Amino acid sequence: MAGGALKYRHLSRSSSHRQALLRNLVTSLFTHESIKTTWPKAKEAQRLAEKLITLGKKNTSATRQRAQQIFY
């Protein structure tokens, strides 16, 4: 299916580099409360940050463990 919807932005990086980049962006966002970056990186970091906020609202042992896996 040509031109189908993407599940995520690739950001011209390998998957491990992209994951490390997003983890660093989200960690910096939670630490400093604001970051300066490009629009596509910000939108991908926003998706990950919102998932972490949802995990934080549940406040169970399993969700804390899952959030710890994402933060450095």
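This text walks through a predicted model, from the segment before the helix α1 to the packing of α2 against α3.

Start in the segment before α1, a helix that covers residues 15-32. Most residues other than glycine have a negative phi. L11, which belongs to this segment, has a positive phi of about 55° although it is not a glycine. S12 also lies in the segment before α1, and its phi is positive too, near 55°, again in a residue other than glycine. How do L11 and S12 stand with respect to the surface, buried or exposed? L11 has a relative accessible area of 13%, which is under 20%, so L11 is buried. S12 has a relative accessible area of 79%, which is over 50%, so S12 is exposed.

Now move along the chain to α2, residues 39-58, and α3, residues 61-70. Two packed helices are described by the angle between their axes and the distance between the axes. For α2 and α3 the angle is about 150° and the axes are 8 Å apart. Because an angle over 145 degrees counts as roughly antiparallel, α2 is roughly antiparallel to α3. The crossing of α2 with α3 is left-handed.

Which residues meet where these two helices pack? From α2 come L48, L52, L55 and K58, and from α3 come T63, R66, A67 and I70. Sorted by class, this contact has five nonpolar residues, one polar and two charged.

T63, in α3, can serve as an example. T63 touches L55 and K58, leaving aside residues up to four places away in sequence. With a relative accessibility of 10%, T63 counts as buried.

Definitions and conventions:
Residues are numbered from 1 along each chain as its sequence is written. This is a predicted model: local features need pLDDT of at least 70, side-chain atom pairs count only at pLDDT 80 or more; totals for chains, interfaces and linings use all residues. Side-chain values use heavy atoms; hydrogens and water are left out. Helices (H or I, at least four residues) and strands (E, at least two) are DSSP runs, numbered from the N terminus. Buried means under 20% relative accessible area, exposed over 50%, partly exposed in between (1.4 Å probe, protein chains only). Contact means heavy atoms within 4.5 Å. Axes are lines fitted to C-alpha atoms, for helices over the stretch in contact, and angles run from 0 to 180 degrees between N-to-C directions. Angles under 35 degrees count as roughly parallel, over 145 as roughly antiparallel, 65 to 115 as roughly perpendicular and the rest as oblique. A crossing is left-handed if the near helix is turned anticlockwise from the far one by less than a right angle, and right-handed if clockwise. Ala, Val, Leu, Ile, Met, Phe, Trp, Tyr, Cys and Pro count as nonpolar, Asp, Glu, Lys and Arg as charged, and the others, Gly among them, as polar.
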